[in-house]
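Open the model in your viewer and get ready to make a few selections. We will begin with one pair of neighbours and work outwards from there.

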Amino acid sequence: VSRQLKEEIRRGFARLEDPLAGLLAMLESSSDWKGRGHSLGYCITTELQLWIKAHPAVPQSSTKLKKLQARVLGMLSQCPTNLLDPLISIYQLHTADRNYLLEHVSHLYLQGNYKEAAILSIKLKLQLDQDVEKMCTPLLLQDKANLVEEYVAEYPELQRKLLQTLDMWCNPSFNIRDITRPYQGLSKYKPEKFNHRVLSKLVFRLLERFNVDSALCPNVINQRHLRTLKYLFYKRFVEKTMTEENWADHIQSTVGDNRWLQEQLVQSLLRHCDARGAARWAQRCCVPPEMLPQAVAEELQKLHIQDRVEEVTKAGNYEASRKKDYYQLPIPRENIHFLQTWEEMLQCWEKVLQPGQVVGVDMEWKPSFGMVGKPRVALLQLALKDEVFLLDLPQLLEQAEAEGEKEKLPHFIQMLYSDATITKLGYGMSGDLSSLAATCSALKDTEKQMQGVVDLLAVDKQVDGLSPEHSHKERGVRQPEKGLSLLVQHVLGKPLDKTEQLSNWEKRPLREEQILYAASDAYCLLEIYERLCKDPESFGLSSDLTDSLVGKQSKKPRAKKQLNKQEAPSPSGQECQGPRTEPSRPPASISPQEFSVVCDNMLQGLGRYLRCLGVDVRLLDNEDDHRKAAEIARQEGRVILTSGLPYQTLRSQVGEGRCFSVNCSEKAKEQALQVLKHFNVQVSLGDIFSRCQ
């Protein structure tokens, strides 16, 4: 708005006997303010709000104000969102009779204006006097979960009530149609977005966002555990890729003392085993004998008095036969060190933090099987040429905190990652660092500070002949190799044995198989790097390995974090700087109104968030091909926002700087901040919700 117009508006207010009535008369006689964006009505309203602050002594009798409030309430349901706060402030609606406000919102609700009723309730803070289930049900049916979250955001009591309601709906015996039946004629009703699975995901998101105890939602938690049980049975009895020890560990931690889950476990055992097998597993998984069918209970009695040496010997022979098929550590067992104290850490510190050192880095955590929260790192592996250090992170952090020196471990890790003279090798390192930050908040900026990093995941798309199909033909009937195991097979001749990958890495003591697996996962990176450096051409890489590795986008299967920027020493020892996504000179600032984007279909949450900030956004539908984003970008001059593998394809189809890869593991808000910072988009208060109706 020009300064001249603002001055004219303020002079107009000064001449009016009653500016509040004057504004209302203007809005009632005009309709330009009902559209999106910054209308003249919006400008005049916001200027009056500022003018009143500068002239607080505008007299208003209570009777006159009540009449004005009644008139303005009738307009609010037609208002664009950016006008609500100024009008509520100008006409002091927070001071209006609460019952009168509730009656007005109820009227909106009965007319079917559910979104408008919810938004007005939020603005006027009426939620505690309303029925949370009644207000939120139609919003969920219209796929407005974000508005539901906002509705309960400031009220823990309502959060709990909402979660309990959603959990009740997620009970398998509950008929969802009982909820949807009264809303059959609802506009924008999306029945495909309202089912047990979608509601279950919403519950987990709300539990995490509001930090509510998951015990409040037993139905959702039990169903998630049941899915975990089915997955574990598939891995053990169908795919046959999980060891007995791993399987039993996870079954015990999943089922625990939950009687319902114990019943499900027994039923699953009977489907997959005979009575003797079911009894043996029931014993391993600590199922109470009284829960077992008679035939299984009788077999369990026999097991108590039998020697099971035969079983152990058979398992031992099986493990021995596997060795010849898989990658084996070339260093002796005594050179693998499991570190749990700071005294032990000192020897690791001195050896790892040496200029010119090359370190293979990997991390392990307990599989979450879809439960709430980011995984916390249980083991950090650092491999040198002659030895491997396994750091018991939970124990080391606990000891450091007890001694009042909790910054010691983060300091060591930050020194390692930020030292450009030390080469750090990883596979999808950014995903590991995301979990590391969740484990220790002091490490949240490690990725921004890291130097001398080579992420071997970048090799996946470049090494000649590297594909799961190629691996499958070579290995015969076994499951095709993938990820790091496939790379190890192609470069070193044999794949990694991944049977311990889904171990319970938080359980102590670690089993010998876990220790060997963890050491192998880190050490194989050294051997791959050495082999590729010696003969890169034979693997289809450039003669200078860093040309192939530095600055490449990467996506690790277990975590979607992106690497936009990497540095790595070349085999000759010289530093090579990879291309950066952020330009050295920031672009000129622009407003959200000037910024138009097309969001790939895995970033719909980001797209909705940017739209709330005033950005012009187009979203791909779930069924759309990623390449459609490039077509829209070229036709409409939009920037592409994508993530992971599609980035490489889409980037080549549009102009320089017109495709941006965001971190898919972050929440929409963090993704939006990343985009706004990169493109120097400056958001003002007036931009917020300026595109929303």
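Select residues 596-599, which form strand 9, and show strand 10 with them: the two pair in the parallel sense over 4 bridges. Keep in mind as you look around that this is a predicted model.

For a landmark within the pair, click on V597 and then on V617 in strand 10, its bridge partner.

Now add helix 28, residues 604-612. Which strands does helix 28 touch as it packs on the sheet? You should find strand 9, strand 10 and strand 11, the last at residues 639-642. Turn the view until you can follow helix 28 and strand 10 together: their directions make an angle of about 155°.

Next, bring in the rest of the sheet. It is an open sheet of 4 strands, and reading across you meet them in the order 10-9-11-12, with parallel pairing. Colour strand 10 (616-619) and strand 12 (659-661) to mark the edges; each has a single partner strand, so one side of each is left without a neighbour in the sheet. Leaving direction aside, neighbouring strands here are turned by 25° against each other on average.

Finally, zoom out to the whole protein chain. How many helices and strands does the chain hold? There are 31 helices and 12 strands. Of its 693 residues, 48% are buried. If you switch on a surface, the accessible area comes to about 34100 Å², and carbon and sulfur atoms contribute 49% of that. Among the contacts in the chain with a separation of 6 or more, 67% join residues 24 or more positions apart.

Key: Residues are numbered from 1 along each chain as its sequence is written. This is a predicted model: local features need pLDDT of at least 70, side-chain atom pairs count only at pLDDT 80 or more; totals for chains, interfaces and linings use all residues. Side-chain values use heavy atoms; hydrogens and water are left out. Two strands pair if DSSP finds at least two bridges between them. Axes are lines fitted to C-alpha atoms, for helices over the stretch in contact, and angles run from 0 to 180 degrees between N-to-C directions. Contact means heavy atoms within 4.5 Å. Buried means under 20% relative accessible area, exposed over 50%, partly exposed in between (1.4 Å probe, protein chains only). Accessible areas come from the Shrake-Rupley method with a 1.4 Å probe; for residues, only the protein chains shown count as cover.
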